[in-house]
Amino acid sequence: MENIEDKISGLLHGYQGGLVLMTACELGVFDALTGPPVSALEVAEKLGLSEKGVERLLNALAALGIAAKDNEKYSLPEEWLPYLTKDGERSMHQWMWLSKKLIQPWLEMDRFVRSGENISSIMDMLGSEPENMRAFTDAMHDKGLKATWTLAREIPIGDCKKMLDLGGGPGTYSLEWCKLHPHLKATILDIPPVLEVAKEYIKRYGLKDRVTTKPGDFHKDGLGTEYDLVLLANILHMYEGDQGRALVQKAADCLAPGGRIVIHGFCTDDGDVAPLNDVLFSVNIGLLTPGGRAHPVKEKIDWLEAAGIGEIRHFRVDAVPTGVVTGVKKG
Ligand SMILES: C[S@@+](CC[C@H](N)C(=O)[O-])C[C@H]1O[C@@H](n2cnc3c(N)ncnc32)[C@H](O)[C@@H]1O
(Lines give C-alpha, C1' and ligand atoms only; values in the text may rest on other atoms or scores of the structure.)
Protein backbone atom coordinates (compact mmCIF):
# COMPACT_ATOMS: atom_id res chain seq x y z
CA MET A 1 0.00 0.00 0.00
CA GLU A 2 1.20 3.49 -0.79
CA ASN A 3 2.69 5.30 2.17
CA ILE A 4 0.07 7.85 3.23
CA GLU A 5 2.61 10.28 4.62
CA ASP A 6 4.56 10.21 1.34
CA LYS A 7 1.40 10.79 -0.64
CA ILE A 8 0.43 13.80 1.46
CA SER A 9 3.96 15.23 1.28
CA GLY A 10 4.03 14.74 -2.48
CA LEU A 11 0.76 16.62 -2.86
CA LEU A 12 1.84 19.42 -0.54
CA HIS A 13 5.04 20.07 -2.45
CA GLY A 14 3.72 19.25 -5.91
CA TYR A 15 3.49 22.90 -6.92
CA GLN A 16 7.17 23.62 -6.31
CA GLY A 17 8.65 21.91 -9.38
CA GLY A 18 6.00 23.54 -11.56
CA LEU A 19 6.82 26.96 -10.16
CA VAL A 20 10.52 26.47 -10.89
CA LEU A 21 9.57 25.79 -14.50
CA MET A 22 7.19 28.74 -14.75
CA THR A 23 9.64 31.16 -13.14
CA ALA A 24 12.45 30.09 -15.46
CA CYS A 25 10.11 30.66 -18.38
CA GLU A 26 8.90 34.04 -17.10
CA LEU A 27 12.42 35.37 -16.53
CA GLY A 28 13.80 34.24 -19.89
CA VAL A 29 16.17 31.69 -18.35
CA PHE A 30 15.42 29.00 -20.93
CA ASP A 31 16.29 31.30 -23.81
CA ALA A 32 19.54 32.16 -22.02
CA LEU A 33 20.49 28.47 -22.05
CA THR A 34 20.24 27.86 -25.78
CA GLY A 35 23.94 28.26 -26.65
CA PRO A 36 27.09 26.67 -25.16
CA PRO A 37 26.99 25.86 -21.41
CA VAL A 38 26.93 28.97 -19.16
CA SER A 39 27.53 29.69 -15.48
CA ALA A 40 24.87 31.02 -13.11
CA LEU A 41 26.76 34.34 -13.03
CA GLU A 42 26.68 34.63 -16.82
CA VAL A 43 22.92 33.96 -16.90
CA ALA A 44 22.36 36.41 -14.04
CA GLU A 45 24.35 39.17 -15.76
CA LYS A 46 22.68 38.60 -19.10
CA LEU A 47 19.18 38.81 -17.62
CA GLY A 48 19.82 41.37 -14.86
CA LEU A 49 19.06 38.87 -12.07
CA SER A 50 20.81 37.87 -8.84
CA GLU A 51 23.54 35.23 -9.08
CA LYS A 52 22.29 33.60 -5.87
CA GLY A 53 18.71 33.28 -7.12
CA VAL A 54 19.72 32.09 -10.58
CA GLU A 55 22.01 29.44 -9.12
CA ARG A 56 19.20 28.03 -6.95
CA LEU A 57 16.85 28.05 -9.92
CA LEU A 58 19.33 26.36 -12.26
CA ASN A 59 20.21 23.71 -9.70
CA ALA A 60 16.51 23.01 -9.22
CA LEU A 61 16.06 22.70 -13.00
CA ALA A 62 18.97 20.27 -13.06
CA ALA A 63 17.52 18.28 -10.15
CA LEU A 64 14.21 18.09 -11.99
CA GLY A 65 16.06 16.54 -14.93
CA ILE A 66 15.44 19.52 -17.19
CA ALA A 67 18.82 21.34 -17.33
CA ALA A 68 22.21 19.64 -17.46
CA LYS A 69 25.00 20.77 -15.10
CA ASP A 70 28.65 20.08 -15.77
CA ASN A 71 31.66 21.86 -14.28
CA GLU A 72 29.47 24.61 -12.77
CA LYS A 73 28.01 25.35 -16.21
CA TYR A 74 24.43 24.75 -17.28
CA SER A 75 22.80 23.90 -20.58
CA LEU A 76 19.51 22.59 -21.95
CA PRO A 77 19.47 19.19 -23.61
CA GLU A 78 18.78 19.42 -27.34
CA GLU A 79 15.42 17.60 -27.05
CA TRP A 80 14.01 20.12 -24.52
CA LEU A 81 14.82 23.22 -26.58
CA PRO A 82 11.79 23.13 -28.95
CA TYR A 83 9.42 23.02 -25.94
CA LEU A 84 11.06 25.49 -23.57
CA THR A 85 12.35 28.31 -25.74
CA LYS A 86 10.05 31.16 -26.68
CA ASP A 87 10.22 30.59 -30.42
CA GLY A 88 10.78 26.82 -30.29
CA GLU A 89 8.89 24.74 -32.81
CA ARG A 90 6.82 23.08 -30.03
CA SER A 91 7.03 26.01 -27.63
CA MET A 92 5.04 25.66 -24.41
CA HIS A 93 6.19 29.12 -23.35
CA GLN A 94 2.77 30.79 -23.38
CA TRP A 95 1.19 27.79 -21.74
CA MET A 96 3.69 28.04 -18.89
CA TRP A 97 2.88 31.75 -18.67
CA LEU A 98 -0.84 30.98 -18.47
CA SER A 99 -0.28 28.31 -15.81
CA LYS A 100 1.50 30.86 -13.63
CA LYS A 101 -1.29 33.37 -14.14
CA LEU A 102 -3.82 30.78 -12.94
CA ILE A 103 -2.09 30.23 -9.62
CA GLN A 104 -3.62 33.35 -8.09
CA PRO A 105 -7.25 32.16 -8.43
CA TRP A 106 -6.19 28.76 -7.04
CA LEU A 107 -4.78 30.51 -3.97
CA GLU A 108 -8.27 31.89 -3.42
CA MET A 109 -9.99 28.55 -3.77
CA ASP A 110 -11.38 28.77 -0.24
CA ARG A 111 -13.51 31.72 -1.37
CA PHE A 112 -14.90 29.63 -4.23
CA VAL A 113 -15.64 26.70 -1.95
CA ARG A 114 -17.37 28.92 0.60
CA SER A 115 -19.51 30.86 -1.86
CA GLY A 116 -19.63 28.79 -5.06
CA GLU A 117 -18.79 32.04 -6.89
CA ASN A 118 -15.96 32.27 -9.42
CA ILE A 119 -12.86 34.22 -8.40
CA SER A 120 -12.17 35.83 -11.77
CA SER A 121 -13.67 35.70 -15.25
CA ILE A 122 -11.99 34.37 -18.37
CA MET A 123 -14.46 36.09 -20.68
CA ASP A 124 -13.93 39.49 -19.00
CA MET A 125 -10.20 38.96 -19.38
CA LEU A 126 -10.49 37.98 -23.06
CA GLY A 127 -12.79 40.88 -23.85
CA SER A 128 -11.07 43.69 -21.97
CA GLU A 129 -7.44 42.89 -21.08
CA PRO A 130 -5.57 42.89 -24.42
CA GLU A 131 -2.20 41.73 -23.07
CA ASN A 132 -3.65 38.81 -21.11
CA MET A 133 -6.01 37.92 -23.97
CA ARG A 134 -3.04 37.76 -26.32
CA ALA A 135 -1.06 35.50 -23.99
CA PHE A 136 -4.08 33.28 -23.27
CA THR A 137 -4.82 32.87 -26.98
CA ASP A 138 -1.18 32.10 -27.77
CA ALA A 139 -1.24 29.58 -24.93
CA MET A 140 -4.27 27.92 -26.53
CA HIS A 141 -2.22 27.56 -29.69
CA ASP A 142 0.77 26.02 -27.87
CA LYS A 143 -1.56 23.64 -26.08
CA GLY A 144 -3.70 22.81 -29.09
CA LEU A 145 -1.05 21.69 -31.56
CA LYS A 146 -0.58 18.15 -30.33
CA ALA A 147 -4.32 17.67 -29.95
CA THR A 148 -5.00 18.71 -33.55
CA TRP A 149 -2.60 16.11 -34.90
CA THR A 150 -3.88 13.39 -32.60
CA LEU A 151 -7.53 14.07 -33.43
CA ALA A 152 -6.82 14.21 -37.16
CA ARG A 153 -5.46 10.66 -36.95
CA GLU A 154 -8.54 9.40 -35.08
CA ILE A 155 -11.44 11.14 -36.82
CA PRO A 156 -12.30 10.81 -40.50
CA ILE A 157 -12.25 14.46 -41.55
CA GLY A 158 -10.48 13.83 -44.86
CA ASP A 159 -13.65 14.19 -46.92
CA CYS A 160 -14.93 17.35 -45.22
CA LYS A 161 -14.99 20.58 -47.18
CA LYS A 162 -16.62 23.23 -44.98
CA MET A 163 -15.73 23.48 -41.31
CA LEU A 164 -16.96 25.71 -38.50
CA ASP A 165 -14.58 26.18 -35.57
CA LEU A 166 -16.83 27.44 -32.75
CA GLY A 167 -14.94 29.57 -30.25
CA GLY A 168 -11.87 28.70 -32.30
CA GLY A 169 -9.50 31.08 -30.50
CA PRO A 170 -6.22 31.22 -32.44
CA GLY A 171 -7.69 28.79 -34.97
CA THR A 172 -5.12 26.07 -34.35
CA TYR A 173 -7.45 23.18 -35.22
CA SER A 174 -8.75 24.87 -38.39
CA LEU A 175 -5.27 25.79 -39.53
CA GLU A 176 -3.66 22.44 -38.87
CA TRP A 177 -6.56 20.51 -40.40
CA CYS A 178 -6.63 22.78 -43.48
CA LYS A 179 -2.86 22.28 -43.81
CA LEU A 180 -3.49 18.54 -43.74
CA HIS A 181 -6.47 18.52 -46.12
CA PRO A 182 -6.07 20.91 -49.09
CA HIS A 183 -9.77 20.83 -50.02
CA LEU A 184 -10.98 21.89 -46.53
CA LYS A 185 -12.12 25.46 -45.85
CA ALA A 186 -12.75 26.68 -42.30
CA THR A 187 -14.49 29.54 -40.50
CA ILE A 188 -13.26 30.49 -37.06
CA LEU A 189 -16.03 32.04 -34.96
CA ASP A 190 -14.97 33.96 -31.86
CA ILE A 191 -15.18 37.37 -30.22
CA PRO A 192 -13.53 40.22 -32.16
CA PRO A 193 -10.40 40.78 -29.99
CA VAL A 194 -9.49 37.08 -30.13
CA LEU A 195 -10.03 37.02 -33.89
CA GLU A 196 -7.36 39.70 -34.32
CA VAL A 197 -4.89 37.12 -32.98
CA ALA A 198 -6.42 34.39 -35.16
CA LYS A 199 -5.84 36.59 -38.22
CA GLU A 200 -2.12 36.70 -37.40
CA TYR A 201 -2.01 32.92 -37.21
CA ILE A 202 -3.91 32.62 -40.51
CA LYS A 203 -1.31 34.87 -42.12
CA ARG A 204 1.56 32.96 -40.54
CA TYR A 205 0.17 29.68 -41.92
CA GLY A 206 -0.39 31.28 -45.37
CA LEU A 207 -4.03 30.08 -45.37
CA LYS A 208 -5.90 33.33 -45.97
CA ASP A 209 -7.72 31.87 -48.96
CA ARG A 210 -9.17 28.94 -47.00
CA VAL A 211 -9.47 30.02 -43.37
CA THR A 212 -11.71 32.98 -42.56
CA THR A 213 -12.99 34.57 -39.37
CA LYS A 214 -16.53 35.33 -38.25
CA PRO A 215 -16.96 37.65 -35.28
CA GLY A 216 -19.85 36.87 -33.00
CA ASP A 217 -21.30 35.45 -29.82
CA PHE A 218 -22.09 31.81 -30.44
CA HIS A 219 -24.97 31.87 -27.96
CA LYS A 220 -26.77 34.72 -29.71
CA ASP A 221 -25.61 35.02 -33.31
CA GLY A 222 -26.30 32.92 -36.39
CA LEU A 223 -23.58 30.40 -37.15
CA GLY A 224 -24.14 29.86 -40.88
CA THR A 225 -25.42 26.70 -42.55
CA GLU A 226 -24.49 23.57 -44.46
CA TYR A 227 -21.20 22.85 -42.73
CA ASP A 228 -19.98 19.28 -42.98
CA LEU A 229 -17.72 19.61 -39.94
CA VAL A 230 -18.35 21.54 -36.73
CA LEU A 231 -15.78 21.62 -33.98
CA LEU A 232 -16.34 22.60 -30.35
CA ALA A 233 -12.86 22.47 -28.83
CA ASN A 234 -12.47 23.56 -25.25
CA ILE A 235 -15.56 25.73 -25.11
CA LEU A 236 -18.35 23.72 -23.48
CA HIS A 237 -16.50 23.66 -20.16
CA MET A 238 -16.92 27.46 -19.95
CA TYR A 239 -20.68 27.17 -19.58
CA GLU A 240 -23.33 25.50 -17.45
CA GLY A 241 -25.23 22.46 -18.64
CA ASP A 242 -28.26 24.21 -20.16
CA GLN A 243 -26.04 26.48 -22.23
CA GLY A 244 -23.91 23.51 -23.28
CA ARG A 245 -26.97 21.58 -24.39
CA ALA A 246 -28.29 24.59 -26.36
CA LEU A 247 -24.93 25.16 -28.01
CA VAL A 248 -24.63 21.54 -29.09
CA GLN A 249 -28.15 21.78 -30.56
CA LYS A 250 -27.22 24.97 -32.40
CA ALA A 251 -24.03 23.39 -33.72
CA ALA A 252 -25.94 20.33 -34.91
CA ASP A 253 -28.54 22.55 -36.60
CA CYS A 254 -25.93 24.23 -38.78
CA LEU A 255 -24.60 20.87 -40.04
CA ALA A 256 -25.75 19.39 -43.33
CA PRO A 257 -27.17 15.84 -42.99
CA GLY A 258 -24.26 13.44 -42.72
CA GLY A 259 -22.02 16.22 -41.37
CA ARG A 260 -19.76 15.53 -38.41
CA ILE A 261 -19.62 17.22 -35.02
CA VAL A 262 -16.49 16.95 -32.90
CA ILE A 263 -16.40 17.88 -29.22
CA HIS A 264 -12.93 18.00 -27.73
CA GLY A 265 -12.51 18.99 -24.13
CA PHE A 266 -12.26 18.15 -20.48
CA CYS A 267 -14.91 15.66 -19.39
CA THR A 268 -15.26 13.40 -16.42
CA ASP A 269 -16.29 9.76 -16.43
CA ASP A 270 -19.37 8.50 -14.56
CA GLY A 271 -19.25 9.51 -10.91
CA ASP A 272 -17.18 12.64 -11.62
CA VAL A 273 -14.01 11.44 -9.87
CA ALA A 274 -11.84 10.47 -12.86
CA PRO A 275 -9.71 11.15 -14.81
CA LEU A 276 -7.80 13.21 -12.26
CA ASN A 277 -6.81 15.98 -14.70
CA ASP A 278 -10.41 16.51 -15.75
CA VAL A 279 -11.68 16.54 -12.16
CA LEU A 280 -9.05 19.11 -11.20
CA PHE A 281 -9.92 21.10 -14.29
CA SER A 282 -13.49 21.28 -13.05
CA VAL A 283 -12.17 23.09 -9.97
CA ASN A 284 -10.04 25.33 -12.20
CA ILE A 285 -12.93 26.37 -14.41
CA GLY A 286 -15.15 26.87 -11.36
CA LEU A 287 -12.65 29.50 -10.24
CA LEU A 288 -12.77 31.22 -13.62
CA THR A 289 -16.37 31.10 -14.89
CA PRO A 290 -19.81 31.44 -13.25
CA GLY A 291 -21.20 28.12 -14.54
CA GLY A 292 -18.35 26.21 -16.16
CA ARG A 293 -17.60 22.57 -15.50
CA ALA A 294 -15.84 19.59 -17.08
CA HIS A 295 -19.21 18.16 -18.15
CA PRO A 296 -19.32 14.36 -17.86
CA VAL A 297 -18.99 12.33 -21.05
CA LYS A 298 -22.48 10.94 -20.52
CA GLU A 299 -23.98 14.42 -20.46
CA LYS A 300 -22.30 15.32 -23.75
CA ILE A 301 -23.54 12.12 -25.34
CA ASP A 302 -27.09 12.96 -24.15
CA TRP A 303 -26.81 16.43 -25.70
CA LEU A 304 -25.67 14.96 -29.01
CA GLU A 305 -28.46 12.37 -29.08
CA ALA A 306 -31.06 15.03 -28.30
CA ALA A 307 -29.66 17.14 -31.17
CA GLY A 308 -30.18 14.37 -33.73
CA ILE A 309 -26.62 13.11 -33.88
CA GLY A 310 -25.95 9.41 -34.44
CA GLU A 311 -22.91 7.13 -34.76
CA ILE A 312 -21.66 8.65 -31.51
CA ARG A 313 -18.20 7.63 -30.40
CA HIS A 314 -16.31 8.62 -27.26
CA PHE A 315 -12.60 8.09 -26.79
CA ARG A 316 -9.63 9.64 -25.07
CA VAL A 317 -6.48 10.81 -26.85
CA ASP A 318 -2.90 11.32 -25.80
CA ALA A 319 -3.16 15.13 -25.63
CA VAL A 320 -4.50 17.80 -23.30
CA PRO A 321 -7.39 17.54 -22.78
CA THR A 322 -8.01 13.88 -23.50
CA GLY A 323 -11.78 13.73 -24.06
CA VAL A 324 -13.36 13.45 -27.50
CA VAL A 325 -17.00 12.81 -28.37
CA THR A 326 -17.99 12.79 -32.01
CA GLY A 327 -20.92 11.79 -34.18
CA VAL A 328 -22.72 12.36 -37.44
CA LYS A 329 -25.96 14.24 -38.12
CA LYS A 330 -28.71 11.86 -39.08
CA GLY A 331 -30.07 12.24 -42.64
C1 LIG B 1 -10.52 27.94 -24.07
S2 LIG B 1 -10.59 28.83 -25.54
C3 LIG B 1 -10.50 27.56 -26.77
C4 LIG B 1 -9.98 28.03 -28.10
C5 LIG B 1 -9.86 26.95 -29.17
N6 LIG B 1 -11.14 26.33 -29.46
C7 LIG B 1 -8.87 25.90 -28.75
O8 LIG B 1 -9.29 24.84 -28.25
O9 LIG B 1 -7.67 26.15 -28.89
C10 LIG B 1 -12.31 29.27 -25.61
C11 LIG B 1 -12.61 30.22 -26.75
O12 LIG B 1 -14.02 30.35 -26.85
C13 LIG B 1 -14.31 31.70 -27.10
N14 LIG B 1 -15.68 31.96 -26.64
C15 LIG B 1 -16.18 31.75 -25.40
N16 LIG B 1 -17.47 32.14 -25.33
C17 LIG B 1 -17.78 32.60 -26.56
C18 LIG B 1 -18.98 33.12 -27.12
N19 LIG B 1 -20.09 33.23 -26.38
N20 LIG B 1 -18.99 33.47 -28.42
C21 LIG B 1 -17.85 33.35 -29.17
N22 LIG B 1 -16.68 32.86 -28.69
C23 LIG B 1 -16.65 32.49 -27.41
C24 LIG B 1 -13.27 32.45 -26.31
O25 LIG B 1 -13.14 33.79 -26.75
C26 LIG B 1 -12.04 31.61 -26.52
O27 LIG B 1 -11.30 32.02 -27.64
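Helix α13 covers residues 276–288, 13 residues in total, and runs 19 Å from its first C-alpha to its last, close to the 18 Å expected at 1.5 Å a residue. The model is predicted. Buried positions in α13 are Asp278, Phe281, Gly286, Leu287 and Leu288. The cover over these buried residues includes three helices, α6 (103–107), α7 (109–115) and α8 (122–128), and the strand β9 (323–329).

**Helix α1**

Helix α1 takes in residues 4–26. Its 23 residues should span 33 Å at 1.5 Å a residue, and the end C-alpha atoms lie 34 Å apart, so the two values agree. The helix has a kink all the same: about 40°, centred on Leu12. Just after α1, Gly28 adopts a positive phi of about 80°.

The two helices side by side:

| Helix | Residues | Expected span | End-to-end C-alpha distance | Buried residues |
|---|---|---|---|---|
| α1 | 4–26 (23 residues) | 33 Å | 34 Å | Val20, Leu21, Ala24, Cys25 |
| α13 | 276–288 (13 residues) | 18 Å | 19 Å | Asp278, Phe281, Gly286, Leu287, Leu288 |

Where do the buried residues of α1 pack? They pack against α3 (51–63) and α5 (93–101).

Thr23 also sits in helix α1. Is Thr23 buried or partly exposed? It counts as partly exposed because it has 16 C-beta neighbours inside 10 Å, whereas a buried residue needs 20 or more. Thr23 and Trp97 are 74 residues apart along the chain, yet their C-alpha atoms are separated by 8.8 Å.

**The whole chain**

The protein chain holds 14 helices and nine strands. Its radius of gyration is 21 Å, close to the 20 Å that the globule rule gives for 331 residues, so the chain is as compact as a globular protein of that length. Along the principal axes, the C-alpha atoms fill a box of roughly 70 × 50 × 40 Å. Buried residues account for 39% of the 331 residues. Take the contacts between residues at least 6 apart in sequence: 66% of them join residues at least 24 apart.

**Around the ligand**

Which residues come nearest to the ligand? Of the 17 residues around it, these are Met140, Gly167, Gly169, Ala233 and Asn234. By class, the shell contains eight nonpolar, seven polar and two charged residues.

Key. Residues are numbered from 1 along each chain as its sequence is written. This is a predicted model: local features need pLDDT of at least 70, side-chain atom pairs count only at pLDDT 80 or more; totals for chains, interfaces and linings use all residues. A residue is near a molecule or strand if its C-beta atom, placed from the backbone, lies within 6 Å of it. Ala, Val, Leu, Ile, Met, Phe, Trp, Tyr, Cys and Pro count as nonpolar, Asp, Glu, Lys and Arg as charged, and the others, Gly among them, as polar. Helices (H or I, at least four residues) and strands (E, at least two) are DSSP runs, numbered from the N terminus. The expected span of a helix is 1.5 Å times one less than its number of residues. The bend at a residue is the angle between axes fitted to the seven residues ending there and the seven starting there. A residue is buried if 20 or more other C-beta atoms lie within 10 Å of its own, exposed if 12 or fewer, and partly exposed in between; C-beta atoms are placed from the backbone. Two residues are in contact if their C-beta atoms, placed from the backbone, lie within 7 Å. The radius of gyration is taken over C-alpha atoms; the globule rule is 2.2 Å times the number of residues to the power 0.38.
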